Amino acid sequence: MTSPQPRLYLQEVAPRDGFQSEAAFIPTEDKVALIDALSDCGFAKIEVTSFTSPRAIPALRDAEAVMQQIRRVPGVVYTVLVPNVRGAERALSCAVDEVNLVMSVSETHNQSNLRMTREQSLAQLSEVIKTVQASPVAINVSLSTVFGCPMEGDIDEDEVLRLADRFCALGVERMTLCDTTGMAYPTQVRQLCERVRQAFPALELTLHFHNTRGMALPNALAAIEAGIDRFDASLGGLGGCPYAPGATGNACTEDLVHMLDLMGFDTGIDLPALLQAARRLPALVGHEVPGQVLKAGRRLDLHARPGAQACAG
């Protein structure tokens, strides 16, 4: 008898990471309805919105309204991105479960994306951490470009570990390693995950992959082999990085769940309910989405036998 596969925890990021770059503003009530549907799918965590300046990300200018109107399901962690102390204060006023802080391991990417040096980001995020630690809200730090930077190339693994160590010293207990521009490949993923797990065994680690070069799913399998059990993914494969030309978006949630279910992993996700939620996306965002299972159906979604075809000749 084969032993059961380990439990995996899926974390949905489309309402923030996916929606933030959409050209058309998605009405608040539609965001709330989608998040409520996702809350019933079995996710461990849902990234609801971002408490960034509305001028910087107008697509998420309704952050407070969305956070206040969603239906909270017990067992689901509702997390939000915050860039600074002001954003943290706004988030705390909405009773979030967790705040997510972001900076890049790549100096060039951090300055391009956040308009700060890494040391400036560390100083700013240290103040955010102090602010949030006075509350019961959890803190997650997302390190971007850990597997490569489109401007610098390969990233030194030791630099990833040094930056992780600095955040752990500040009391951070949750961390996400992000393949921001889809440069990761499986053997690299496995090696870095093993090193981080060995160096920080108490750290709750999440992996965040993009499908820029079609490697999100094999990279997830490599991370699982290294002992990772938490993964971000985006409904329909929405999202992406403006510094990754041709990017197709994040790892697609329904494609990832479909694969993991076939392999016998326990994801806790109701795939039919998830696909039903994904079917809302094209109308919400005004374009088709990259997800494949939404288009092709599940592996054993069978079709009626076609009619008899006349033989040539």
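## Helix α10

In this predicted model, helix α10 spans residues 253-262 and is mostly covered, with eight of its ten residues buried. The buried positions in α10 are Thr253, Glu254, Asp255, Leu256, Val257, His258, Met259 and Leu260. Polar and charged side chains therefore appear in this list beside nonpolar ones, since Asp and Glu count as charged and Leu, Val and Met as nonpolar.

The cover over the buried residues of α10 includes two strands, β1 (9-12) and β8 (230-233). It also includes the helices α9 (216-225), α11 (271-278) and α13 (293-296). After α10 comes Gly264, which has a positive phi, near 90°.

## Nonpolar core

The largest nonpolar core holds 93 residues. Within this core, Val99, Leu143, Phe167, Phe209 and Phe231 touch the most other members.

Which residues does Phe209 touch, leaving out those up to four places away in sequence? Its contacts include the aromatic residues Phe147 and Phe231. Several alanines are on the list as well, namely Ala184, Ala216, Ala220, Ala223 and Ala251. Val189 is a further contact, and the remaining partners of Phe209 are Asp179, Asn219 and Asn250.

## Cysteines

The count of disulfides comes to zero. Cys41 is in no disulfide, and the nearest cysteine sulfur to its own, that of Cys252, is 13 Å away. Cys252 is likewise in no disulfide; for this residue the nearest cysteine sulfur is that of Cys41, at 13 Å. A disulfide would need the two sulfur atoms within 2.5 Å, so the pair Cys41 and Cys252 does not qualify.

Are these two cysteines buried or exposed? Cys41 has a relative accessibility of 2% and therefore counts as buried. Cys252 also counts as buried, because its relative accessibility is 8% and the limit for a buried residue is under 20%.

## Pockets

The largest pocket has a volume of about 1,000 Å³. Its lining is made up of 46 residues, and those nearest the centre of the pocket are Arg16, Gln20, Leu81, Asn113 and Leu114. Divided by class, this lining has 23 polar, 15 nonpolar and eight charged residues.

The second largest pocket encloses about 160 Å³ of space. It is lined by 14 residues, with Asn211, Asn250, Cys252, Asp255 and Pro290 lying nearest its centre. Eight residues of this lining are polar, five are nonpolar and one is charged. Some of these central residues have appeared above: Asn250 is among the contacts of Phe209, Asp255 is one of the buried residues of α10, and Cys252 is buried at 8% relative accessibility.

## Thr28 in helix α2

Thr28 is located in helix α2, which covers residues 28-39. With a relative accessible area of 15%, Thr28 falls under the 20% limit and so is buried. Leaving aside residues up to four places away in sequence, Thr28 touches Asp62, Ala65, Val66 and Gln69.

Thr28 and Gln198 are 170 residues apart in sequence, and their C-alpha atoms are 43 Å apart in space.

## Loop residues with positive phi

Two residues that are not glycines have a positive phi of about 60°: Ala95 and Arg115. Ala95 is in the loop that joins α4 (85-92) to β4 (98-104). Its relative accessibility of 48% lies between the 20% and 50% limits, so Ala95 counts as partly exposed.

Arg115 belongs to the loop between α5 (107-114) and α6 (118-133). At 71% relative accessibility, Arg115 counts as exposed, because the limit for an exposed residue is over 50%.

## Pro74 and Gly227

Pro74 is found in the loop between α3 (63-69) and β3 (77-81). This proline is exposed, with a relative accessible area of 77%. Pro74 is separated from Ser39 by 35 residues in sequence and by 9.3 Å in space, C-alpha to C-alpha.

Gly227 sits in the loop between α9 and β8, two elements that are also included in the cover of α10. At 35% relative accessibility, Gly227 counts as partly exposed. Gly227 and Pro6 are 221 residues apart in sequence, while their C-alpha atoms are 9.4 Å apart in space.

Conventions:
Residues are numbered from 1 along each chain as its sequence is written. This is a predicted model: local features need pLDDT of at least 70, side-chain atom pairs count only at pLDDT 80 or more; totals for chains, interfaces and linings use all residues. Side-chain values use heavy atoms; hydrogens and water are left out. Buried means under 20% relative accessible area, exposed over 50%, partly exposed in between (1.4 Å probe, protein chains only). A nonpolar core is a set of buried Ala, Val, Leu, Ile, Met, Phe, Trp, Tyr and Cys residues joined through side-chain atoms within 4.5 Å. Contact means heavy atoms within 4.5 Å. On a 1 Å grid over the protein atoms alone, a cavity is a set of points where a 1.4 Å probe fits but cannot get out, and a pocket is an open set with protein on both sides within 12 Å along at least five of seven lines; lining residues have an atom within 4 Å of a point. Grid points are joined across faces, edges and corners, and a volume is the space filled by probe spheres set on the points. Helices (H or I, at least four residues) and strands (E, at least two) are DSSP runs, numbered from the N terminus.
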